[in-house]
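Please describe the fold, the nonpolar core and the helix packing of the chain shown here, with attention to how far the model can be trusted.

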Amino acid sequence: MKYIVFILFTVMTNAAAQLMLKQGMMSLGPISFEGANPLIKLLQIVFSPWVFLGLCTFVISMASHLYVLSKVELSFAYPFLSLAYVAVAIFAYFVFREDLNGWRIAGIALICVGTVLIAQSGRGHEDQSASITPDKLQANEIVR
């Protein structure tokens, strides 16, 4: 649980990147490749300010996630990324005035309950490796 701050940082940067990408695409308007070189159009999209900032934020989020994966089990860390759905839905409601109806709220509640259950279910492998004694390690090497 000591890496929860890094996990939540990953979640929040992931959600922030989504919001920046949405803002960027809204500022660009409807995308059409008609009569345009697709490569040039793609570069215009990627290098528009909000989209570029969103992509950079995704890189930060992935770097944080890689750090987390080096410290805890994947089956523990990965489900926390579902909290990004929660953050995006809530922020999109306030920032973009997107719909947040009863079904979405129920889904958000289920995601939160599931994440709490996963958080309670186990620890990262750093805690488990501390419980391995030299005797267990030597026995494990013999089995291999």
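The report below covers confidence, overall architecture, the core, one helix pair and the cysteines.

This is a predicted model, in which local features need pLDDT of at least 70 and side-chain atom pairs count only at pLDDT 80 or more, whereas totals for chains, interfaces and linings use all residues. Residues are numbered from 1 along each chain as its sequence is written, and side-chain values use heavy atoms, with hydrogens and water left out.

The predictor's confidence in each residue, pLDDT, runs from 0 to 100; its mean over the chain is 88, and 84% of the residues reach 70 or more. The elements with the highest and the lowest mean are listed in the table.

| Element | Residues | Mean pLDDT |
|---|---|---|
| Helix 3 | 49-69 | 98 (highest) |
| Helix 7 | 125-130 | 48 (lowest) |

Over residues 127-131 the pLDDT falls below 50, and this stretch has four contacts in the model beyond near neighbours in sequence, a contact being heavy atoms within 4.5 Å.

The chain has eight helices and zero strands, where helices (H or I, at least four residues) and strands (E, at least two) are DSSP runs numbered from the N terminus. Of the contacts with a separation of 6 or more, 79% are between residues 24 or more positions apart. Buried residues make up 26% of the 144 residues in the chain; buried means under 20% relative accessible area, exposed over 50% and partly exposed in between (1.4 Å probe, protein chains only).

The largest nonpolar core (buried Ala, Val, Leu, Ile, Met, Phe, Trp, Tyr and Cys residues joined through side-chain atoms within 4.5 Å) has 16 residues, and those with the most contacts inside it are Ile7, Val11, Val72 and Phe80. Helix 1 (4-28), helix 4 (74-77), helix 5 (83-95) and helix 6 (102-121) each supply at least two residues of this core, and the largest share, four residues, comes from helix 5. Not counting residues up to four places away in sequence, Val11 touches Phe80, Leu81, Leu83 and Ala84.

Helix 5 and helix 6 pack at an angle of about 145°, with their axes 9 Å apart; axes are lines fitted to C-alpha atoms, for helices over the stretch in contact, and angles run from 0 to 180 degrees between N-to-C directions. Leu83, Tyr85, Val86 and Ala89 of helix 5 make the contact with Ile108, Ile111, Cys112 and Thr115 of helix 6.

A search of the whole structure finds zero disulfides, that is, pairs of cysteine sulfur atoms within 2.5 Å. Cys56 is partly exposed, with a relative accessible area of 31%, and Cys112 is partly exposed, with a relative accessible area of 31%.
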